[in-house]
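Got the viewer open? Here's a short walk through the model, one selection at a time.

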Amino acid sequence: MRTTDLFTQKTVFSLEVFPPKRDMPLESIYPTLQELSRLHPDFISVTCGANGQGGNRTAEVAATIKHTYHCETVAHLPCLYLTEDDVRHTLQELKVHGIENILALRGDETPGKTPIRVFEHAADVIRFIKEEDPSFTILGACYPEGHTEAKTLGADIRYLKQKVDAGADELISQLFFDNELFYRFLERCEIAAINVPIEAGIMPVTNKKQIERMVSLCGATLPVKYQRLLAKYGHSPVAMRDAGIACAVEQIIDLLANGVDGIHVYTMNNPYIAGKIAAAIKNLI
């Protein structure tokens, strides 16, 4: 199923997982996928793993989600280290597995590894995929506070418009913690005639070190209330988990009340946290 069709029916609720590292058996992720599929998300997206350590397992995990757990799926495709033939091969592999949806990304540079740069930007690989096989639904990433490499918010929106014009059918946002910043971003998108569905990317603040690392990497603003949360509960994993879940639910409820197109939860492969959030908002979606 093309994920774009979902937005015509309801507010979309989706999840993200990452594949096991290469030295781990693929089956190690099956219990997580089983529990997440029981939450009945509209789709589960599969990354390439931290620093690409999932290797080529993205398609395998996505195929398992679709055919074993009967949930729609999206395969991530970062392009910085790919040639045109690499992309063609990936498209063929996804086609064989019946996977119809791709999240096309530039991807981050891996230390010690030289980018191929056939595709300099996500818009380049989006355009290439649309030319090679327009039957795929293509998702793109967007950045409510601007990409860390963008000189201005205006420049970031202009580039996002290029992604959409190249063929991105829908967008998923980078994590953010201040909904007002997301609403301002949506206003900029409307002004720029970016008219595709935009899902809000939500990262529950349930682990102090993890959140501090993610914020440093993506440049997201961490509001004072979250800083206080980390200061008070960061030393206690269970307290931090429960407080983070409560804050994520509160954030999502506000987004839903304001008519957001969809909610995309970065699960970090933790079905307990995803389950608590799904249960809290199941009557609101």
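**Stop one: a loop residue**

Start by selecting E145, which sits in the loop between β5 (137–142) and α5 (153–166). Keep in mind as you look around that this is a predicted model. Is E145 buried, exposed or partly exposed? Its relative accessible area is 23%, so E145 counts as partly exposed, given that buried means under 20% and exposed means over 50%.

Now show what surrounds that residue. Leaving aside residues up to four places away in sequence, E145 touches L153, F176, L181, G219, A220 and T221. Add D178 to the selection too: E145 and D178 are 33 residues apart in sequence, and their C-alpha atoms are 9.7 Å apart in space.

**Stop two: the cavity**

Stay with E145, since this residue also helps line the largest cavity. To see the rest of that lining, select Y143, P144, G146, Q174, L175, C218, G219 and A220. How much volume does the largest cavity have? It comes to about 50 Å³. Colour the lining by class and you get 5 nonpolar, 3 polar and 1 charged residues. Searching the whole structure turns up 1 cavity of 30 Å³ or more.

**Stop three: the barrel**

Switch to a cartoon view and pick out the strands. There are 8 of them closing into a barrel, in the order β1-β2-β3-β4-β5-β6-β7-β8, with parallel pairing. On average, neighbouring strands of this sheet are turned by 25° against each other, ignoring direction.

As background for what to display, strands of a sheet pair through backbone hydrogen bonds, either parallel or antiparallel.

Zoom in on β1, residues 12–17. On one side, strand β1 pairs with β2 (residues 43–46) in the parallel sense over 4 bridges. Strand β1 also pairs with β8 (residues 262–266), again parallel, over 5 bridges.

L15 is a handy residue to centre on here. Which residue of β8 is the bridge partner of L15? That's V265, while in β2 L15 stands opposite I44. Move along to V17, and the bridge partner in β2 is V46.

Next, turn on the side chains of β1. V12, S14 and E16 point one way, whereas F13, L15 and V17 point the other. Both sets are buried, making 6 of 6 residues for the strand.

**Stop four: a covered helix**

Select α2, residues 57–67. How many of its 11 residues are buried? The count is 9, so this helix is mostly covered. The buried ones are R57, T58, A59, V61, A62, A63, T64, I65 and K66.

To see what does the covering, bring back β1 and β2 and add α1 (30–37), β3 (73–78) and α3 (84–96); these are included in what covers the buried residues of α2.

**Last stop: a pocket**

Finally, go to the second largest pocket, which holds about 190 Å³ of space. Centre the view using T206, N207, Q210, R241 and I273, the closest to the pocket centre among the 15 residues that line it. Two elements give two or more residues to this lining: α7 (208–218) and α9 (237–257). Which of them gives the most? It's α9, with 3 residues. Colour this lining by class as well, and the tally is 7 nonpolar, 6 polar and 2 charged residues.

Methods:
Residues numbered from 1 in each chain as written. Predicted model: local features only at pLDDT ≥ 70, side-chain atom pairs only at ≥ 80, totals over all residues. Heavy atoms only, no water. 1 Å grid on protein atoms, 1.4 Å probe; cavity = no way out; pocket = protein on both sides within 12 Å on 5 of 7 lines; lining within 4 Å. Points joined across faces, edges and corners; volume = space filled by probe spheres on them. Nonpolar A, V, L, I, M, F, W, Y, C, P; charged D, E, K, R; others polar. Pairing = 2+ DSSP bridges. Axes fitted to C-alpha atoms, helices over the stretch in contact; angles between N-to-C directions. Buried < 20%, exposed > 50% of the residue type's maximum accessible area, 1.4 Å probe, protein only. Contact = heavy atoms within 4.5 Å.
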